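Open the model in your viewer and set it to cartoon. The stops below say what to select and what is there.

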Number of protein chains: 2
Amino acid sequence: MLQIAILGFGVVGSGTAEVLQENRARIAKHCGEEVNVKYILDLRDFPDHPLGDRVVHDINVILADPEVVLVAEMMGGSHPAYEFTVAALRAGKSVVTSNKEVVSTFGDELLEIAREHHVSYYFEASVGGGIPIIRPLQTDLASNEILGISGILNGTTNFILTKMKNEGADFATVLKEAQARGYAEADPTADVEGIDAARKIVILAALAYGVLLDPKSISTTGITGITADHTAVADKLGGAIKLIGHTERVDGRVLAMVSPFLIPAGNPVCHVDGVFNGILVDANMLGRALFYGAGAGKLPTASAVVADILDILSHKESERLAPVWRRAKAEDVADADALVCRRCYLIEGCPRCAEKAKAALGGEICAFIREGAFFVVSRPMSGGEAREALSATGLEAVFCLPVLD
Amino acid sequence: MLQIAILGFGVVGSGTAEVLQENRARIAKHCGEEVNVKYILDLRDFPDHPLGDRVVHDINVILADPEVVLVAEMMGGSHPAYEFTVAALRAGKSVVTSNKEVVSTFGDELLEIAREHHVSYYFEASVGGGIPIIRPLQTDLASNEILGISGILNGTTNFILTKMKNEGADFATVLKEAQARGYAEADPTADVEGIDAARKIVILAALAYGVLLDPKSISTTGITGITADHTAVADKLGGAIKLIGHTERVDGRVLAMVSPFLIPAGNPVCHVDGVFNGILVDANMLGRALFYGAGAGKLPTASAVVADILDILSHKESERLAPVWRRAKAEDVADADALVCRRCYLIEGCPRCAEKAKAALGGEICAFIREGAFFVVSRPMSGGEAREALSATGLEAVFCLPVLD
């Protein structure tokens with residue numbers, strides 16, 4: 001019998017217990033032994049839960065028990081999740097987590113501590129909920145250089161943007177509906193301002209390039225400024241606006257950013273709608289692959305946590321494959337402005353202005369969404385180049401969206 | 001230095017050598033040692049290839065060399081690929097393959113021989129080309145019961161169907177273009193008749209349910225009968241027609257089939273266009289996940305072969321996780337007719353006939369594509385039930401397409 005502990009018995013923690021219970025036979029077959037939840041750490045008691053007798057309130061009970069080989073941390077927030085993770089790894093227990101805040105902030109250090117203590121630190125559930133993405137990047141794409149990753153990493157904002165597009169509704173109205181349906185929290189800041197997506201793209205960038213950026217310092221634009229004009233432009237182009245976490249290497253530096261992008265219909269990310277997530281990986285041998293599915297939710301996320309648990313419990317000697325991340329220095333980081341891509345500008349002006357803007361930006365697409373307001377799509381260039389070209393015309397843009405081709 | 005051999009130096013075989021060479025440093029880091037192609041088995045010589053000196057014409061040279069720990073079989077066809085695989089496994093060498101014909105026909109036996117000899121038999125590249133699907137099913141979805149798999153598993157037919165839809169062209173014209181562009185072979189039978197997709201869905205069904213069906217005996221309908229009328233119906237419904245390999249369990253039996261399906265726009269499979277493949281997995285904990293990417297091609301397929309090589313070379317003790325397949329007996333197999341789904345019928349008749357068909361099939365959608373020809377979408381029911389309901393009206397259908405909701 002393999003003994004594990006669950007830290008935090010909220011949505012994902014209780015979901016993990018449920019997945020382990022529901023699929024007990026399959027899991028035992030996979031691991032060669034039954035997996036048992038010996039302890040649940042939480043501030044609360046759960047007297048009516050079938051596992052209520054496993055609840056403890058002191059992490060030291062778990063740390064001191066040599067039978068516990070693995071700890072699943074699903075507390076959320078940085079503290080004390082970080083301290084408990086360090087303590088568990090130092091006590092020789094592997095740790096799996098769904099906590100993107102901890103992974104994106106302390107992942108380099110935690111992987112290092114795991115390595116020193118010959119245990120594993122896995123975090124499949126920290127990005128894309130239940131969607132397999134971390135393990136495929138490390139195994140299936142192991143022979144590939146990652147050219148870039150672009151993902152819809154937040155289901156709340158994707159639900160809102162999809163509704164805004166389909167119903168022509170405005171941001172505030174749709175946010176209220178999302179809150180009523182439980183897709184958005186009472187304080188939606190982390191979602192709608194892109195903070196959640198920033199943590200996730202920082203984790204994916206670290207997996208791709210070995211460098212952990214500070215999620216608080218990457219260029220992050222949310223969706224609160226998206227208006228009916230944005231939607232109108234996307235409609236005209238036959239595409240959609242999506243909040244994208246994007247990473248790639250520019251001149252040897254790592255660029256990671258979160259921003260609303262304009263997605264043409266030919267890009268499969270354009271069709272990832274509602275609360276779903278979709279992560280497009282561009283790799284030098286494989287080409288483009290999309291991983292699509294439930295980016296959040298109790299059982300999908302728990303499914304990913306349990307996949308990590310099974311992977312660790314069924315392999316004893318996988319440390320060699322653990323990624324090595326180093327913390328980014330200033331010279332490792334590329335500015336979001338360095339991104340070379342097409343950009344879509346909405347500009348207020350006359351048909352002659354439109355011609356001028358089109359010529360200056362080397363664009364092929366230019367159209368009016370109403371009298372006095374047109375959009376133009378530039379040729380691929382950096383943000384600085386595009387700004388300069390536009391400023392030389394004397395025109396000012398109402399907004400600018402990068403295009404994900 | 002880890003020594004391997006490549007059997008068959010065609011497109012995928014030479015691509016595998018190329019991926020190993022291009023990503024040499026990354027691969028050495030992953031495996032802890034360099035990986036070297038010691039032998040290439042082929043009937044031909046390749047005097048101008050950098051690895052030309054590795055070419056041998058006798059499998060026994062490879063089998064007798066104890067340094068060779070792994071053999072990558074990319075010969076295609078059943079024979080002698082099957083015999084060489086058996087011999088390599090018996091000689092204590094792990095085998096990876098892209099050969100769907102061998103896996104779908106002899107997979108149960110080859111996995112068993114691998115188990116007996118404590119080596120591995122991996123076949124990620126046999127389904128979906130470069131797309132990670134086999135390993136995610138076995139690791140990321142290990143805690144899930146698979147409720148169903150529906151995939152666009154053949155890029156050639158998807159290219160043809162996409163063109164037919166976008167350009168309103170007919171099958172014969174588009175097939176010629178596909179052949180000219182190298183997307184279809186001179187003899188396109190295996191692709192357009194669904195034989196290739198049948199092999200792949202049989203492999204996925206075996207992974208999901210542990211039972212290996214005979215790819216030659218599952219219900220297989222290709223795309224040669226698709227006409228402008230089919231496309232017109234799909235257009236009216238806002239969806240698309242795709243050739244789908246589908247598997248699920250019906251009353252404890254395994255159903256596997258290949259057929260053109262009508263895909264509504266809300267299903268992500270609808271937007272998998274051109275030569276791309278997309279595999280939708282429905283799992284009891286994760287829900288629906290789509291795996292999308294290049295389903296064929298030299299480097300994408302080789303990327304999957306190399307992923308298998310790396311997985312085996314970096315883990316020594318993964319036999320426990322190898323799937324166990326048993327060959328299907330008659331009572332294991334469900335008839336394709338047992339599939340409960342909506343079905344779309346095209347019927348020639350008057351508006352009164354349309355009302356009659358709609359009522360009989362319990363359908364909500366019914367429309368004319370031209371005078372005297374209407375389609376009706378039934379409520380979800382089995383094929384037998386639907387046929388009976390329709391035959392009671394005295395109407396006959398021009399065609400019937402299952403709907404993938």
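Start in chain A of this predicted model. Select helix H5, residues 100-116, and helix H10, residues 195-209, both of chain A. Their axes come within 9 Å and cross at roughly 50°. H5(A) and H10(A) are therefore oblique to each other. Their crossing is left-handed. Now show side chains at the contact. From H5(A), pick A:Lys100, A:Glu101, A:Val103, A:Ser104 and A:Gly107. From H10(A), pick A:Arg199, A:Lys200, A:Val202, A:Ile203 and A:Ala206. By class, this contact of H5(A) with H10(A) has four nonpolar, two polar and four charged residues.

Next, the chain interface. Color by chain. Here 42 residues of chain B are in contact with 42 residues of chain A. Which elements of chain B each supply at least two residues of the side that touches chain A? Select helix H2 (24-31), helix H6 (134-138), strand S13 (287-294) and helix H12 (298-314) of chain B. H12(B) gives the largest share of that side, nine residues. The residues on the chain B side divide into 21 nonpolar, 14 polar and seven charged.

Stay at the interface and add strand S13 of chain A, residues 287-294. Three bridges join S13(A) to S13(B), and the two strands run antiparallel. Zoom in on A:Phe291: its bridge partner in S13(B) is B:Phe291.

Move into chain B and select strand S11, residues 253-263. Is S11(B) largely enclosed or exposed? Ten of its eleven residues are buried, so S11(B) is largely enclosed by the rest of the structure. Add strand S10 of chain B, residues 240-250. Eleven bridges join S10(B) to S11(B), running antiparallel. Within this pairing, B:Thr247 has B:Ala256 of S11(B) as its bridge partner. Follow the hairpin to its turn, which has two residues between the strands. There B:Asp251 takes a positive phi near 50°. Then select strand S9 of chain B, residues 219-220. S9(B) runs parallel to S11(B), with two bridges joining them. B:Ser219 stands opposite B:Met257 in S11(B).

Last stop: another sheet selection in chain B. Show the open sheet of six strands, in the order S3-S2-S1-S4-S5-S6, with parallel pairing. At its edges are strand S3 (55-56) and strand S6 (121-122) of chain B, each pairing on one side only. Now pick strand S1, residues 2-7, and strand S2, residues 35-41, of chain B. Six bridges join these parallel strands. To see one pair, select B:Ile6 and its bridge partner in S2(B), B:Ile40.

Note on methods:
Residues numbered from 1 in each chain as written. Chains lettered and ligands numbered in written order. Predicted model: local features only at pLDDT ≥ 70, side-chain atom pairs only at ≥ 80, totals over all residues. Pairing = 2+ DSSP bridges. Helix = DSSP H or I, 4+ residues; strand = E, 2+ residues; numbered from the N terminus. Axes fitted to C-alpha atoms, helices over the stretch in contact; angles between N-to-C directions. Parallel < 35°, antiparallel > 145°, perpendicular 65-115°, else oblique. Left-handed = near helix turned anticlockwise from the far one by under 90°. Contact = placed C-beta atoms within 7 Å. Nonpolar A, V, L, I, M, F, W, Y, C, P; charged D, E, K, R; others polar. Buried ≥ 20, exposed ≤ 12 C-beta atoms within 10 Å, placed from the backbone.
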